[in-house]
Amino acid sequence: MSEYMKYLPQATGLLPKWLLFISVVSAFNSAQSYFGGLKLTRRVYEANPGQVTGLSARTFGTWTFLTALVRLYGAYHINNPAVYDITYATYIVAFMHFSSEWIIYKTAKLGKGLAGPLIVSTSTLIWMTLQKSYYLNQ
C-alpha cells in the first residue's frame, strides 16, 4: 500500500486528498455522461427530465471533466495562490449552476440527484475558505 501513497498529493492536511477524490469522482461522472446513457444525468435534473438529451448530457460531461482536471491540478498544487483560486472557482460555478437549476429554472428538485453536488460544492467552498491562509502561507 505504501508504494501507492507516493501518488497522493504531498501537501499536509486532508483538503488536497479531498480535491483528488472529488476529481476522480467527477471524471467517472463525466464518463457516465458520455457512455452511460441518460439515467444518472436525469436523476440530477429530475424536475424536468425531458430536457436532458444526449447533447446536454455530453455537454455536462465535458464541463464536469474540465472541472475534474482543474481540481486534480489543485490537489497537487494547493500552495499556489492562482491554482487555489481557480480550483475554488470551480466550486462556485458548480454551486451556482446546481442552485440556479433548482431555484430559478426549476429543472432540478432537491433529492438524491441534486443533494450530492450541492453538499460537495457548499462544503468544499466552506472548507477552502477556512483553509486558504493555511495552504497559501506555507
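In this predicted model, Ile22 has a relative accessibility of 6% and therefore counts as buried, the limit for that class being under 20%. The residue lies in helix 2, and, when residues up to four places away in sequence are left aside, Ile22 touches Arg71, Tyr91 and Val120. A further link across the chain is seen in the backbone, where the C-alpha atoms of Ile22 and Ala68 are separated by 7.4 Å although the two residues stand 46 residues apart along the chain.

Ile22 also belongs to the largest nonpolar core, which numbers 12 residues in all and is made up of Ala11, Leu15, Leu19, Leu20, Ile22, Ala75, Ile78, Tyr84, Tyr91, Leu125, Met128 and Tyr135. At least two residues of this core are supplied by each of helix 2 (15–35), helix 5 (81–103) and helix 6 (112–136), and the largest share, 4 residues, comes from helix 2. In soluble globular proteins, nonpolar side chains tend to be buried together. Leu125, another member of the largest core, touches Tyr88, Tyr91, Ile92 and Phe95, again not counting residues up to four places away in sequence. A second core, separate from the one just described, comprises 9 residues, among them Val44, Phe60, Phe98 and Leu114.

With regard to charged pairs, a search of the whole structure finds 1 salt bridge. This salt bridge is formed by Lys132 with Asp85, whose closest N and O atoms are 3.0 Å apart; the pair links distant parts of the chain, since Lys132 is in helix 6 and Asp85 in helix 5, at a separation of 47 residues. Lys132 has a relative accessibility of 35% and therefore counts as partly exposed, and Asp85, with a relative accessible area of 38%, is likewise partly exposed.

On the surface, a nonpolar patch is formed by Tyr4, Tyr7, Phe65, Leu69, Leu72 and Tyr76, which together have about 620 Å² of accessible area. Helix 4, spanning residues 54–76, gives the most to this patch, with 4 residues. Tyr7, another of the patch residues, is placed in the loop between helix 1 (2–5) and helix 2, and its relative accessible area of 54% lies over the 50% limit, so that Tyr7 is classed as exposed.

Key:
Residues numbered from 1 in each chain as written. Predicted model: local features only at pLDDT ≥ 70, side-chain atom pairs only at ≥ 80, totals over all residues. Heavy atoms only, no water. Core = buried A, V, L, I, M, F, W, Y, C linked by side-chain atoms within 4.5 Å. Buried < 20%, exposed > 50% of the residue type's maximum accessible area, 1.4 Å probe, protein only. Contact = heavy atoms within 4.5 Å. Salt bridge = Lys/Arg side-chain N within 4 Å of Asp/Glu carboxyl O. Patch = residues over 30% accessible without salt bridge, like charges linked within 9 Å, V, L, I, M, F, W, Y side chains within 5 Å. Areas by Shrake-Rupley, 256 points an atom, 1.4 Å probe, with all protein chains shown as cover.
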